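Got the viewer open? Keep the selection box handy, and we'll walk through this one stop at a time.

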Amino acid sequence: REELIGSRDSVNQSQTSLHATADYNLSPLEKRFLLLVERGDIASVKRLLDEHKGHPETLNVNCVDPLNRSALIAAIENENIDLIRLLLEYEIKVKDSLLHAIKEEYVEAVEILLEWEERIHVSGQPYSWEAVDRSVSNFTPDITPLILAAHMNNYEILKILLDRGASLPMPHDVRCGCDECVVSSEQDSLRHSQSRINAYR
């Protein structure tokens, strides 16, 4: 559990994108599904999920709206804890929902998503927020749950994460010449500098 919150070493950049592709069009049923989620109509959402369970070709529970928000992220933004639990029961992919919950400072959702992650995580594999395709993510790879909670200055969430063994990696010296820093700087010097700033903030 010590590695659950703070680790970034297991990020797999070749991980298949969990987001919908740019040319993917929502079906009328998926549009209705996302609308019901946005409205917080739990009974209707459950009915739809039950009717189409096991048939992702008709209703993809992981579909996203034009703003790239999944049903789970919409439920987090609307602070609908019962809907969050329902979507997790139907095994929606959580992706970087934990980071969104921290950004929204929704403590109850943070606790539920951490418990869910602990149950589903396979040792040696990247965590859900690490496996997201960064080209379509709202968060850069250096943003861990603990760093984001610190940026939000939310003591309650920080305590939850620290109690679960979260830790921050020691930032490298500004003139560090190790292989990791050299490669990172050569690939994207702006992102490399931003990751340093985020760590020291």
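Colour by secondary structure and trace the chain from its start: the pattern reads α-α-α-α-α-α-α-α-α-α-α. That is eleven helices and zero strands. Bear in mind throughout that this is a predicted model. Of the 201 residues, 44% count as buried. If you draw the contacts with a sequence separation of 6 or more, 68% of them are between residues 24 or more positions apart.

**Stop one: H3 and H5**

Select 42-51 for H3 and 81-89 for H5; their axes come within 10 Å and cross at roughly 5 degrees. An angle under 35 degrees counts as roughly parallel, so H3 is roughly parallel to H5. Now show side chains. On the H3 side, pick Ile42, Val45, Lys46 and Leu49; on the H5 side, they meet Asp82, Leu83, Leu86 and Leu87. Sorted by class, the H3–H5 contact comes to six nonpolar, no polar and two charged residues. Look at how these picks are spaced along a helix: an α-helix has 3.6 residues a turn, so residues three or four places apart point the same way.

**Stop two: the loop before H5**

Step back along the chain to glutamate 79, in the loop between helix H4 (71-77) and H5. Check its backbone: phi is near 55 degrees, a positive value in a residue other than glycine. Is the residue buried or exposed? Glutamate 79 falls in between as partly exposed, with a relative accessible area of 49%.

**Stop three: serine 97**

Go to serine 97, in helix H6 (residues 97-103). With a relative accessible area of 1%, serine 97 is buried. Which residues touch it, leaving aside neighbours within four places in sequence? Select Leu72, Ile73, Ile76 and Leu113, and you have the contacts of serine 97.

Carry on past H6 and you'll reach glutamate 105, in the loop between H6 and H7. Here is a positive phi of about 55 degrees, although glutamate 105 is not a glycine. Its relative accessibility is 37%, so glutamate 105 counts as partly exposed.

**Stop four: H7 against H9**

Next, put up H7 (residues 107-120) together with H9 (residues 155-163). The two pack at an angle of about 15 degrees, with their axes 10 Å apart. That angle makes H7 roughly parallel to H9, and H7 passes H9 in a right-handed crossing. To see the contact, show Val107, Val110, Glu111 and Leu114 on H7, then Glu156, Ile157, Ile160 and Leu161 on H9. The tally for the contact of H7 with H9 is six nonpolar, no polar and two charged residues.

**Stop five: a pair of rings**

How many aromatic pairs does the structure hold? There is one. Select tyrosine 127 and tryptophan 129 and turn until you see the rings edge-on: their centres are 5.2 Å apart and their planes sit at 10 degrees, so the pair is stacked. Both tyrosine 127 and tryptophan 129 are buried.

**Stop six: H8 and its turn-off**

Highlight H8 (residues 145-152) and pick out its buried residues: Pro145, Leu146, Ile147, Leu148 and Ala149. Then look just after H8, where asparagine 153 takes a positive phi of about 55 degrees.

**Stop seven: H8 against H9**

Keep H8 on screen and bring H9 back. H8 and H9 pack at an angle of about 155 degrees, with axes 9 Å apart. That makes H8 roughly antiparallel to H9, and the crossing is left-handed. For this contact, show Pro145, Leu146, Ala149 and Ala150 of H8 with Ile157, Leu158, Leu161 and Leu162 of H9. What classes do these residues fall into? The contact of H8 with H9 divides into eight nonpolar, no polar and no charged.

Finish by zooming in on leucine 162, which lies in helix H9. With a relative accessible area of 48%, leucine 162 is partly exposed. Draw a C-alpha to C-alpha distance from leucine 162 to leucine 146: the two are 16 residues apart in sequence and 8.0 Å apart in space.

Definitions and conventions
Residues numbered from 1 in each chain as written. Predicted model: local features only at pLDDT ≥ 70, side-chain atom pairs only at ≥ 80, totals over all residues. Heavy atoms only, no water. Axes fitted to C-alpha atoms, helices over the stretch in contact; angles between N-to-C directions. Helix = DSSP H or I, 4+ residues; strand = E, 2+ residues; numbered from the N terminus. Parallel < 35°, antiparallel > 145°, perpendicular 65-115°, else oblique. Left-handed = near helix turned anticlockwise from the far one by under 90°. Contact = heavy atoms within 4.5 Å. Nonpolar A, V, L, I, M, F, W, Y, C, P; charged D, E, K, R; others polar. Buried < 20%, exposed > 50% of the residue type's maximum accessible area, 1.4 Å probe, protein only. Phe/Tyr/Trp six-rings, centres within 6.5 Å; stacked < 30°, edge-to-face > 60°.
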